[in-house]
Structure formats: C-alpha cells, structure tokens
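Hi,

Here is the structure I said I would pass on. Have a look through it first, and then read my notes below.

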Amino acid sequence: MEEQSTVLIAWRAKSQLITAAQSLLVLGVLVLLGTAALLPGLAGDVAFSNPEAAQLRVPYLVAAEAAHLCVLVAIGAVWFALGRIRDARCDYGRAATALWIAAGGVSGAVLVCLGMLVHLFWVHFAGGGNFPALTLLVLVGCLSTWALVAAARWARASR
C-alpha cells in the first residue's frame, strides 16, 4: 500500500513539473509571436537610421523569421516530448525523436542568427563586430542543443 502511495506521489510530482515546463513553453511562444510582430517595424527603423544597411532589411527580416520558425519547431517538439513522457505508458522512443528534432530546431536558429551576425559585422561593416553578442549566441545555442541531445539520449536509453 505504501509503495503505491509513493508511486502516486512521484507521478503527481512529475506531472506538475511537466505542466510547469509546458507553461514556460507557452510563455516562450507568446514572446516569439510578439517579437515576430515587432520585427518589421524594428527593421524599418534600423534601415531609416542606418541608410548604409537599408538594402539588408528584407533579407535579414526573412532570416530572422526563419530563425523564429526554427525555435517554434523546437518548442513544439519539446511540447510533444513532454506529452509522451507524461503519459502513463511513457513513450520514450517518440520523446527521444522529438527531442532530436528540437535540437535540430535550436541548432538551425543559432546557425541562421550566427550567419546574419557574421555577415553584418565582418562582410558588410568590414570587421567592426559585436563579439559579446556572437559569444552569447554561440554559448546559449550550444548549451541548449547539448541539453536537448542529452535529454534525447536519456529518453532513448530509458526505453
């Protein structure tokens, strides 16, 4: 009887953690949608204040929206993985696949942003780069991808 009680408490705790994680994912989606709505206006302001970079407005806007889509794919994949783990039967195989997809989405977003920053700072402005932004982007992207890959490997091993 006590063993069943312990299992029930553990399942409730896991369920509450997954609910909290999914709430954070919803917040992330809302932030992404808000920034996606603000990007065209921001791009116009930057083009107006920096006429030498005005011709880059549309390509960079498309690249930024592509990065947003990569992150949305990653969030959707993590949501799916959490749903598979929450179920009583715990489908770790599908959860692992979803986490690999999420890692790919994060990596894609980082590569798009990295490409934009490298082009802007080293090609367009000929070396006047913002190294802290690049360092932070690479650090956050690598850590996020590493965490998702570790989770995917754990889920695959838990099958």
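**The aromatic pair and the cores**

Trp154 has 49% relative accessibility, so Trp154 counts as partly exposed (buried is under 20% relative accessible area, exposed over 50%, partly exposed in between, with a 1.4 Å probe and protein chains only). Tyr92, at 18%, counts as buried.

Quick note on the source: this is a predicted model, where local features need pLDDT of at least 70, side-chain atom pairs count only at pLDDT 80 or more, and totals for chains, interfaces and linings use all residues. Residues are numbered from 1 along each chain as its sequence is written, and side-chain values use heavy atoms, with hydrogens and water left out.

Back to those two rings. A search of the whole structure turns up one aromatic pair (ring centres of Phe, Tyr or Trp, the latter by its six-membered ring, within 6.5 Å; planes under 30 degrees apart are stacked, over 60 edge-to-face, the rest tilted). Tyr92 and Trp154 form it, edge-to-face, at 5.5 Å centre to centre and 85° between the planes. Tyr92 is in helix H3 and Trp154 in helix H4 (helices are DSSP runs of H or I, at least four residues, numbered from the N terminus), so the pair ties together parts 62 residues apart in sequence.

Now the inside. In the largest nonpolar core (buried Ala, Val, Leu, Ile, Met, Phe, Trp, Tyr and Cys joined through side-chain atoms within 4.5 Å) there are 24 residues, and Val78, Leu99, Ala102 and Leu148 touch the most other members. H3 gives the largest share of this core, nine residues.

Cheers

Terms used:
Helices (H or I, at least four residues) and strands (E, at least two) are DSSP runs, numbered from the N terminus.
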